Amino acid sequence: MPHPSPIAATPMAFVQTIVTAYARCGQDPSNALAQAQIAPEQVPQDQARITAWQMERISDLAMRELDDEALGWFSRRLPWGSYGMLARASISAPTLALAVTRWCRHHGLIADDITLTLQTTGSTASISIAEHRALGERGALREFCLVSVLRNIHGLACWLVDSRIPLLHAQFPFAAPAHAEAYQVLFSGPTRFGQAQAAISFDAQYLQLPLRRDERALQQMLQHALPLTVLQYRRDRLLVQRVRQLLGAQPQDTHGAEALAALLHVSPRTLHRQLKEEGATLQALKDEVRQSRATELLLRTQRPVKQVAEAAGFQNEKSFIRAFKGWTGQSPAEFRRSATPLA
């Protein structure tokens, strides 16, 4: 058994809904609380927090003891193994797009209280939830349901392609709860409350990634599936591409690692580490994007060198000329005079 995480960020409100599920079934939650190292006197404390390990532990035990992976969210139980069945039906898909589409469609077959929909608009993909009937008897149960379903599909999607999928934002159709700060941990990226539907949004390019898991990996994952809802993947298989795009689209906003990391919703340290894992460095990517942009402008336009330097993301003309000589052996002016213009 893993040691409990020292970071307590999960709201006690979610534990309260699990205890309520036990009460509706006429069962005693004492064993699950004890196994998760949650004292009964802590449960009514709305401001209390538990660790991810504690939440995984009590959720796992409750789903097994109540034989309901929905923990009372829906109008009928989802027997143990229901979400594993959805994962199994999706794993043969060639791309993440088809896998998520299948998962959403099949979820409606086992729980028609909600409908999940994958949509793509431009470069943004979103998975939204339409509610068809009241989810539970309390507002906290509705919140727990929507949060859990979205974290479930997001975690599975990351696992299927073996990649971090950063969220552009998450949104929910209720007012910000008292524990709203916990959403910074529950979901990467900003969280919006008071929206029309619950949804998560991310870069649509991830949908084109091929699945990297097989049946054997699925069997192993299903033995410990709950950590997927909180696992932060180190690898981001599109990180290099996303960095290139940001450097090219927002050169004035990406001079330093801190600014670029903020746009990617990671720390500068994490950014450097993940780029290294993908065999790249931030400086090399900067040079690649800046050289390509500068070369294009020098050949296709008559802009002064100072304007080319600014458009390529340099803070001054002198540093641009020095860098360009390092790339080509020529100054920008010499390069422009000697090169054949692009068609």
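Visitor: How do α9 and α10 sit, roughly parallel or roughly perpendicular to each other?
Guide: Roughly perpendicular to each other. This is a predicted model. Helix α9 covers residues 239–249, helix α10 covers residues 257–264, and they pack at an angle of about 115°. Angles of 65 to 115 degrees count as roughly perpendicular.

Visitor: How far apart are the axes of α9 and α10?
Guide: Their axes are 11 Å apart. The crossing of the two helices is right-handed.

Visitor: Which residues of α9 and α10 meet?
Guide: From α9, Leu239, Arg242, Val243, Leu246 and Leu247; from α10, Leu260, Leu263 and Leu264. By class, the contact has seven nonpolar residues, one charged and no polar.

Visitor: Switching to backbone angles. What is the phi of Leu71?
Guide: Positive, about 55°, although Leu71 is not a glycine. Most residues other than glycine have a negative phi.

Visitor: Where is Leu71, and is that residue buried or exposed?
Guide: Leu71 is in the loop between α3 (52–66) and α4 (82–90). Its relative accessibility is 1%, so Leu71 counts as buried.

Visitor: And what about the phi of Asp162?
Guide: Asp162 also has a positive phi, near 50°. Asp162 lies in the loop between α6 (139–161) and β5 (167–171). At 22% relative accessibility, Asp162 counts as partly exposed.

Visitor: Last topic, helix α1. What span should its 13 residues have?
Guide: At 1.5 Å a residue, residues 12–24 should span 18 Å. The end C-alpha atoms are 19 Å apart, which agrees.

Visitor: Which residues of α1 are buried?
Guide: Among them are Met12, Phe14, Val15, Ile18 and Tyr22.

Visitor: What follows α1?
Guide: Gly26, with a positive phi near 70°.

Methods:
Residues are numbered from 1 along each chain as its sequence is written. This is a predicted model: local features need pLDDT of at least 70, side-chain atom pairs count only at pLDDT 80 or more; totals for chains, interfaces and linings use all residues. Side-chain values use heavy atoms; hydrogens and water are left out. Helices (H or I, at least four residues) and strands (E, at least two) are DSSP runs, numbered from the N terminus. The expected span of a helix is 1.5 Å times one less than its number of residues. Buried means under 20% relative accessible area, exposed over 50%, partly exposed in between (1.4 Å probe, protein chains only). Axes are lines fitted to C-alpha atoms, for helices over the stretch in contact, and angles run from 0 to 180 degrees between N-to-C directions. Angles under 35 degrees count as roughly parallel, over 145 as roughly antiparallel, 65 to 115 as roughly perpendicular and the rest as oblique. A crossing is left-handed if the near helix is turned anticlockwise from the far one by less than a right angle, and right-handed if clockwise. Contact means heavy atoms within 4.5 Å. Ala, Val, Leu, Ile, Met, Phe, Trp, Tyr, Cys and Pro count as nonpolar, Asp, Glu, Lys and Arg as charged, and the others, Gly among them, as polar.
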